[in-house]
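Reader: I am new to reading protein models. Could you take me through one, feature by feature?

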Amino acid sequence: MAFSDWLQVALFILLLLAAVPILGEYMAQVYQGQKTFLSPVLGPLEMGVYAVAGVNPSDSGDWKKYTQGLLWFNALGFLFLLGLLLLQAFLPLNPQKLVPMELGVAVNTAMSFMTNTNWQAYSGESTLSYLSQMLGLGVQNFVSAATGMAVMVVLARGLAGKQIKTLGNFWVDLTRSVVYILLPLSLLLALALVSQGVVQSFSAYPSATTLEGAQQVVPLGPAASQIAIKQLGTNGGGFFGINSAHPFENPTPLSNFLQMLAILLIPAALTWTYGRLVGSLRQGIVLLAAMGVLAGSSLGLSLWAEFGSNPALGNLPFLEGKETRFGIVNSVIWSVSTTLASNGSVNAMHDSFSPLAGGLALFNMMLGEVVFGGVGAGLYGILMFVILTVFIAGLMVGRSPEYLGKKIEGAQIRMAALAVILPSAVVLLFTAMAVLLPVGLKGLNNAGPHGLSEILYAFTSMANNNGSAFGGLTVNTPFYTWLGALAMLIGRFGVILPVMVIAGQMAQKQAVPASGGTFPTDGGLFVILLVSVILIIGGLTFFPVLALGPLVEHGLMLQGKVF
Amino acid sequence: MNEFLIALRSLIALTLLTGVAYPLLVTGLGQLANAEAVQGSLIKRGEQVVGSRWLAQPFQQAGYFWPRPSAGDYATVASGASNKGPTSKDLLDKIKARKADLLKAHLLPADAFVPPELLMASGSGLDPELSPAAVQFQVPRVAHARGLQPQELAALIQSATKGPQLGLLGAPRVNVLELNMALLQLEQRKFSLKQGHQHESQQ
């Protein structure tokens, strides 16, 4: 690594950390219903949404009512998007005359964008009309992100509230997330991307005659607006098939840097917001510190692996699948950011990374997308690990566990365990299924241990709602589209539902005064414990299969073996 | 049932806001701020569109600089990567074949160095740029094919090289299509100069 590479890493981390208190404080104002500096402009927009939707913003309901609204909204969003994808040939804004999506791929895609996964079994430029992109995918980019943020806010209210029955209004949290946070940030980022050369057009694809006389079709579309929310909402679904490696999505090092920041911006700042919402900033900082330790280690190891050379391919550097303008350093910062946050966009092909850097991308997702994770989703995810950690700490000192001044009991621990186990079980079971069935193996693009990694990566990505891929695997077959849709559904709502139950149960509990036996959850010791629990659970669950995939491939690569 | 109706109406409201108003606003502002870029940064030669600044195109003739290999053969709808892993025999074979082709095209011995980025395909399959080293590597071939002196190309390459953005981000790089366009312009200038000389000597 050159000095300029280190400088870029340092600048990235510094700018990200500098943004945390600013955006975190602002989002806390938004979720506490306070006026913000943008209220004069955005207030009327918010009220307009309530008027059209028939929402009374001062209503507040219990966790069941909140969940009911959330589920209806997501179900309708899924059906609307599915309808668009199946009917796009008969709808406007389809200058390339693209045909309806095949049913399995359409179900997979609608599920993928509704669950904030943004796994893609298609290439946008050859498959989707402009209308499907902006009215279908674009909208789910916003509202799936806002759904995650709403669930996180409810959990914070439930944990902090003392003997309360109501947890707020889903429609208000949803609307305020979109109007005050996602929309203004997206507008800013979209304009910055346009200044760098990202396309934003409704024209048909123009045709060029190259200098050597060949014909070249230039794909276009309303891309900049969608790419902005794709990054900020940890969605990650590319406007073009090859995602953020495509020069029209990400033309310059600056567009790349801004998008990398956007991937982690909201998940990182939400830790600060959480601290404010539960009335103790330290509780949020502790979570940020734990995430920082894990993210820093992953980034360091990945850089070390990827800056090596490959003895199996004539000692060349790892440049296959990477773009010149990003180089190795910006490809690795991106791969680590996008797999820690459940973003899933890629600016370089993870399939062609060194076994260890590719394996770390995989492992980042296996931690359950709780280190930064999806917007909102990462925070409520890591809070499940917090509950398990105070439980384990309680067992060690022989006290009943407490968090934020309230007792954690069997019912909550069962729910937290469920939220942690469900996605992991899906990963291992579905991968095993794919490896055992000819239809699963048919899609492989690589032989040897790398083939196992391809399948493992696919289900890890889908079940944890990430969306990135070892892109060589052919995933538009019925086996992968239907099974994948199920994986994404379980990965999303198998976590959201237990979280909502916990929020409802915790809200009704009385506060217990802190005593000598209370284990403090706002100090360095707790950071160490939390990091250990996350690593041990992720490690114990997945070490055997990682050993058969990336780890053995690393050893074989060092011996110069190819398959 | 009440929640169902609110869900339906909320979806409509938020769809109008984020799926109609927002992309149209970005389109309008983009058209004002950077009209050429939002339509694909097309490059013209006279009236003829010859490509986009951001999309690599296949160059095979010896007199042009060649971009990085493309796994999807420079297809644009849709473009693609090899997605071959670090222990892939297919990839190893491809690298060997590319190296042999490049050595032959540049009249180099078997143990000569070839910049690795010319042996490995880009992520997008449309990487429009090369590092200065990969451009330098091709100078003897291009100069010879066009009957130019390598020094004549040096200034051209220098002016086409972009440093790290804001002095910090990314690595130095050269846009291949723009470089080839500049090459044609250089040749045109020399041609008209030569014609001018001929004209003078005839007088």
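Author: We go from the contact of two chains to one chain, then to helix pairs and single residues. This is a predicted model, in which local features need pLDDT of at least 70, side-chain atom pairs count only at pLDDT 80 or more, and totals for chains, interfaces and linings use all residues. Residues are numbered from 1 along each chain as its sequence is written, while chains are lettered from A and ligands numbered from 1 in the order in which they are written.

Reader: How many residues does each chain give to the contact?

Author: Two residues are in contact if their C-beta atoms, placed from the backbone, lie within 7 Å. Here chain A gives 103 residues and chain B gives 84 residues. On the side of chain A, helix α7 (residues 170–196) supplies the largest share, nine residues. Helices (H or I, at least four residues) and strands (E, at least two) are DSSP runs, numbered from the N terminus.

Reader: Which classes of residue make up the side of chain A?

Author: Ala, Val, Leu, Ile, Met, Phe, Trp, Tyr, Cys and Pro count as nonpolar, Asp, Glu, Lys and Arg as charged, and the others, Gly among them, as polar. The side of chain A that touches chain B has 58 nonpolar, 36 polar and nine charged residues.

Reader: What is the make-up of chain B?

Author: Chain B holds five helices and five strands. Their order from the N terminus is α-β-β-α-β-α-α-β-β-α. Its radius of gyration is 24 Å, well over the 17 Å from the globule rule for 203 residues, so chain B is more spread out than a compact globule. That radius is taken over C-alpha atoms, and the rule is 2.2 Å times the number of residues to the power 0.38. The C-alpha trace of chain B spans about 90 × 55 × 30 Å along its principal axes.

Reader: How do α9(A) and α10(A) pack?

Author: Start with the angle. Axes are lines fitted to C-alpha atoms, for helices over the stretch in contact, and angles run from 0 to 180 degrees between N-to-C directions. Helix α9 (residues 253–277) and helix α10 (residues 281–306) of chain A pack at about 155 degrees, with axes 6 Å apart. They are therefore roughly antiparallel (over 145 degrees). Their contact includes A:Trp272 of α9(A) and A:Leu288 of α10(A). By class, this contact has seven nonpolar, four polar and two charged residues.

Reader: At what angle do α3(A) and α6(A) pack?

Author: Helix α3 (residues 63–87) and helix α6 (residues 130–160) of chain A pack at about 165 degrees, with axes 10 Å apart. α3(A) and α6(A) are therefore roughly antiparallel to each other. A:Leu81 of α3(A) and A:Val143 of α6(A) are among the residues in this contact. The contact divides into nine nonpolar, six polar and no charged residues.

Reader: Is A:Ser468 buried or exposed?

Author: Count neighbours. A residue is buried if 20 or more other C-beta atoms lie within 10 Å of its own, exposed if 12 or fewer, and partly exposed in between. A:Ser468 has 28 within 10 Å and is buried. It sits in the loop between α16 (449–463) and α17 (478–507) of chain A. Beyond neighbours within four places in sequence, its contacts include A:Gly236 and A:His350.

Reader: Where is A:Leu42?

Author: A:Leu42 lies in helix α2 (residues 39–53) of chain A. With 17 other C-beta atoms within 10 Å, A:Leu42 is partly exposed. Leaving aside neighbours within four places in sequence, A:Leu42 is in contact with A:Val179 and A:Tyr180.

Definitions and conventions
Angles under 35 degrees count as roughly parallel, over 145 as roughly antiparallel, 65 to 115 as roughly perpendicular and the rest as oblique.
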